[in-house]
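Let's take a friendly walk through a protein model, one residue at a time. Keep the picture at hand and turn it as you read.

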Amino acid sequence: MRTSRWSRPLLLSPTVLTLFVFMVLPMGLMAWMSIMAPDTFGGVKWGQYSAEGYVQFLYERDLDDQLVLNGDYLQIFLRSFLLAGMATLATLLIGLPTALYIALQEERARNRLIFLISIPFWTNLLVRAFAWMLLLRNGGLIDSLRPLLGLPDGVLGVLYTPTAVGIVMVYAFLPFMILPIYTSLEKMDWRLVEAAFDLGANRWLAFRRVILPLAMPGIVAGCMLVFIPAIGSYYIPELVGGGKQLMIGNLIQNQFGTARNWPFGAALSFTLLLMVLLAMLAYQWRFRRHTEAA
């Protein structure tokens, strides 16, 4: 049955309308707000345009109303990128062997393991962050099990540190790394691995030359699914970090909430969006070149 030339646009219209209402329209409003002048008592002065929101990212005004370089906000961005990158690397190092182990099991065992991995999604991240606070605090469960874990005596002192933020980030986003990699490995033809063994490859060589390239689409998808929410995380650094480990999400929330500097908050949001998009484009370009070369 042939379809008319108007049927395809009509079929796509609900998706296009949804994307426009819930993505394009809010982002357009934020872009418009970022170039507005801030109001004296919070919010924006509609109709008065200013680039002060973007200037404030790198500069501040002294008593003589002169621009002075201020790298505080840039340090927050760098800290957020560093923590998100380390969380992505840690989840990759844990998630890749886990996904490989699951893919090598029988179908019934695979289903059970995937079910266990999906169980954390049944509980809100906020509740799980509070649970980790109870685990990591001084006198908590981990602190009480210190002799069994072989940890030295003394105060644990992990809570409200970057280490605690990193631990909870890895826990929260680990399923987002395991599931895409497992999806790629599940569809893989394992006869290729057997052929590699027949040609004299050992386990490491077969993993590096056969399994890893075929799992690369899942690895790239998993890295994106972990890095993007990690860099804009708000609850984890606010609760587990005690508000002392300020990240981009906390900074943006402060601008819209406490400081009520909406243009600066919108400018920070678009600066983060631009950085993430550039990083994703660079990563995809490098991955495409690597794939074409292989």
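R260 sits in the loop that links helix 12 (248-256) to helix 13 (262-293). Keep in mind as you look at this loop that the model is predicted. What is the phi of R260 near? It is near 55 degrees, which is a positive value in a residue other than glycine. Most residues other than glycine have a negative phi, so a positive one deserves a second look. With 36% relative accessibility, R260 is partly exposed, because that value falls between the 20% and 50% cut-offs.

One of the contacts of R260 leads back into the helix before the loop. Q255 lies in helix 12, and Q255 touches R260, N261, W262, F264, G265 and L268, leaving out residues up to four places away in sequence. Is Q255 buried or exposed? Its relative accessibility is 8%, so Q255 counts as buried.

Y160 gives us another example of a positive phi. The phi of Y160 is near 65 degrees, and Y160 is a residue other than glycine. You can find Y160 in the loop between helix 7 (146-149) and helix 8 (162-186). Its relative accessible area is 34%, so Y160 is partly exposed.

Now try a loop residue with a lower accessibility value under its name. S233 belongs to the loop between helix 10 (203-231) and helix 11 (235-239). Its relative accessibility is 7%, so S233 counts as buried. Which residues does S233 touch, not counting those up to four places away in sequence? They are M169, M247, G249 and N250.

Q66 takes us to a loop between strands: strand 3 (59-61) comes before it and strand 4 (67-69) after it. Leaving aside neighbours within four places in sequence, Q66 is in contact with E60 and R61. The relative accessibility of Q66 is 49%, so this residue is partly exposed: the value is not over the 50% needed to be called exposed.

Here are the loop residues side by side.

| Residue | Loop between | Relative accessibility |
|---|---|---|
| S233 | helix 10 (203-231) and helix 11 (235-239) | 7% |
| Y160 | helix 7 (146-149) and helix 8 (162-186) | 34% |
| R260 | helix 12 (248-256) and helix 13 (262-293) | 36% |
| Q66 | strand 3 (59-61) and strand 4 (67-69) | 49% |

Next, look for charged partners. How many salt bridges does the structure hold? There is 1. D189 forms a salt bridge with R191, and their closest N and O atoms are 3.0 Å apart. D189 has 32% relative accessibility and so counts as partly exposed. R191 has a relative accessible area of 61%, so R191 is exposed.

The surface also has a nonpolar side to show you. A nonpolar patch is formed by L17, L19, F20, V21, F22, M23, V24, L25, M27, L273 and L277, with about 1,000 Å² of accessible area together. Helix 1 (7-34) and helix 13 each supply at least two of the patch residues. Which helix gives the most to the patch? Helix 1 does, with 9 residues. One of the patch residues, M27, lies in helix 1, and M27 counts as partly exposed because its relative accessibility is 36%.

A database record adds another layer. In an unreviewed UniProt entry, the annotation "transmembrane region" covers residues 12-35, 76-101, 113-135, 155-182, 210-236 and 264-283. Let's check a couple of these stretches in the model. Over residues 12-35, the chain is 96% helix and 0% strand, with the end C-alpha atoms 33 Å apart. Over residues 113-135, the chain is 74% helix and 0% strand, and here the end C-alpha atoms are 24 Å apart.

Finally, step back and view the whole chain. The protein has 13 helices and 4 strands. Its C-alpha trace spans about 75 × 75 × 35 Å along the principal axes. The radius of gyration is 24 Å, whereas a compact globule of 294 residues would have one near 19 Å. Buried residues make up 35% of the 294 residues. Of the contacts between residues at least 6 apart in sequence, 61% join residues at least 24 apart. The accessible surface comes to about 18,600 Å², and carbon and sulfur atoms account for 66% of it.

How values were computed
Residues are numbered from 1 along each chain as its sequence is written. This is a predicted model: local features need pLDDT of at least 70, side-chain atom pairs count only at pLDDT 80 or more; totals for chains, interfaces and linings use all residues. Side-chain values use heavy atoms; hydrogens and water are left out. Buried means under 20% relative accessible area, exposed over 50%, partly exposed in between (1.4 Å probe, protein chains only). Contact means heavy atoms within 4.5 Å. UniProt positions are given in the numbering used here, feature names are shortened, and annotations may be inferred rather than shown by experiment. Patches are made of residues with over 30% relative accessible area and no salt bridge: like charges are joined within 9 Å, nonpolar side chains (Val, Leu, Ile, Met, Phe, Trp, Tyr) within 5 Å. Accessible areas come from the Shrake-Rupley method with a 1.4 Å probe; for residues, only the protein chains shown count as cover. A salt bridge is a side-chain nitrogen of Lys or Arg within 4 Å of a carboxyl oxygen of Asp or Glu. The radius of gyration is taken over C-alpha atoms; the globule rule is 2.2 Å times the number of residues to the power 0.38.
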